[in-house]
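Here is a friendly walk through one protein chain, from its overall surface down to single side chains. Keep the viewer open while you read.

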Amino acid sequence: MTTIKNVRRYRLSKVIRLNEDGTSTTEWVRKTMFNTTMFTPIPWKGQTAELHFWNYPKRTRINQAATDAFRRDGFAIRGPALVLTGSDLFEAFRTEGSPQQVKDQLSGLGLSEEPVVMPGRSDDGRAWSNVYVRDKNDALAVRMRLT
């Protein structure tokens with residue numbers, strides 16, 4: 001049995017992570033990810049988005065994709081950057097177990113979309129994970145499976 005705590009609605013932001021090596025990944029992140037970033041509006045695939053980046057030292061590799069998206073002569077973005085493309089409300093659960101353990105528990109549940117599972121903080125040395133689902137019916141199924 002898994003303990004569920006802090007069931008509530010939570011806003012996650014959809015981002016494209018631009019890495020220094022030229023690769024990119026799409027992921028959901030919590031709003032706290034943007035607490036220490038600088039940002040600017042940019043055009044992204046025909047829509048307005050926000051480019052979020054950090055102030056890395058000059059010894060950090062230049063992120064060419066982020067620098068090109070920023071479009072300012074003589075300015076280079078170093079390190080990873082995030083392109084914020086949207087956000088949505090999710091039902092959020094905090095549950096015991098590592099992200100992989102929680103994903104294994106939820107496999108085969110028949111949800112309308114795969115849940116977002118992120119590692120959570122632990123004050124007592126145990127592994128905790130945060131689970132996010134958009135659909136209320138999915139939230140009920142997840143809650144029943146994890147309790």
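## Surface and overall make-up

The accessible surface of the protein chain comes to about 9,000 Å², and 47% of that belongs to carbon and sulfur atoms. Accessible areas here come from the Shrake-Rupley method with a 1.4 Å probe, and for residues only the protein chains shown count as cover. Please bear in mind that this is a predicted model, in which local features need pLDDT of at least 70 and side-chain atom pairs count only at pLDDT 80 or more, while totals for chains, interfaces and linings use all residues. Residues are numbered from 1 along each chain as its sequence is written, and side-chain values use heavy atoms, with hydrogens and water left out.

The protein chain holds 3 helices and 7 strands, in the order β-β-β-β-α-β-α-β-β-α along the sequence. These elements are DSSP runs numbered from the N terminus: helices are H or I with at least four residues, strands are E with at least two. Along the principal axes, the C-alpha atoms fill a box of roughly 55 × 35 × 25 Å. Of the 147 residues, 41% are buried; buried means under 20% relative accessible area, exposed over 50%, and partly exposed in between (1.4 Å probe, protein chains only).

Contacts, meaning heavy atoms within 4.5 Å, can also be sorted by sequence separation. Among those with a separation of 6 or more, 62% are between residues 24 or more positions apart. As for charge, the mean positions of the 23 positive and 16 negative charges are 4 Å apart. For that count Lys and Arg are positive and Asp and Glu negative, with His and the chain ends not counted; each charge is placed at NZ of Lys, CZ of Arg, CG of Asp or CD of Glu.

## An enclosed strand

Strand β7 spans residues 128-133, and 6 of its 6 residues are buried, so β7 is largely enclosed by the rest of the structure. Both of its faces are covered: W128, N130 and Y132 are buried on one side, and S129, V131 and V133 on the other.

Which strands pair with β7? Strand β5 (residues 81-96) does so in the antiparallel sense over 6 bridges, and strand β6 (residues 116-119) does so in the antiparallel sense over 4 bridges. Two strands are said to pair if DSSP finds at least two bridges between them. S129 is a handy residue to click on: it is the bridge partner of T95 and also of P119.

## Salt bridges

How many salt bridges are there? The count comes to 6, where a salt bridge is a side-chain nitrogen of Lys or Arg within 4 Å of a carboxyl oxygen of Asp or Glu. One of them joins E91 and R9, with the closest N and O atoms 2.6 Å apart. This pair links distant parts of the chain, since E91 is in strand β5 and R9 in strand β1 (residues 4-18), 82 residues apart. E91 counts as buried at 11% relative accessibility, whereas R9 is partly exposed at 40%.

E27 and R17 form another, with the closest N and O atoms 3.0 Å apart. E27 lies in strand β2 (residues 24-30) and R17 in strand β1, so the pair ties together parts that are 10 residues apart in sequence. Here E27 is partly exposed at 25% relative accessibility and R17 is buried at 19%. R126 and E96 also meet in a salt bridge, at 3.2 Å from N to O. R126 sits in the loop between β6 and β7 and E96 in strand β5, 30 residues apart. Salt bridges that share partners also join R9, E91 and K136 into one network.

## Three loop residues

Is I77 buried or exposed? With 1% relative accessibility, I77 counts as buried, and its place is in the loop between α1 (64-70) and β5. Leaving aside residues up to four places away in sequence, I77 touches L51, F53, R61, I62, N63, A66, T67 and F70.

Most residues other than glycine have a negative phi. K45 has a positive phi, near 50°, and lies in the loop between β3 (38-44) and β4 (47-53). R71, in the loop between α1 and β5, has a positive phi of about 60°. Both side chains can be found at the surface: K45 is exposed with a relative accessible area of 74%, and R71 is exposed at 60%.
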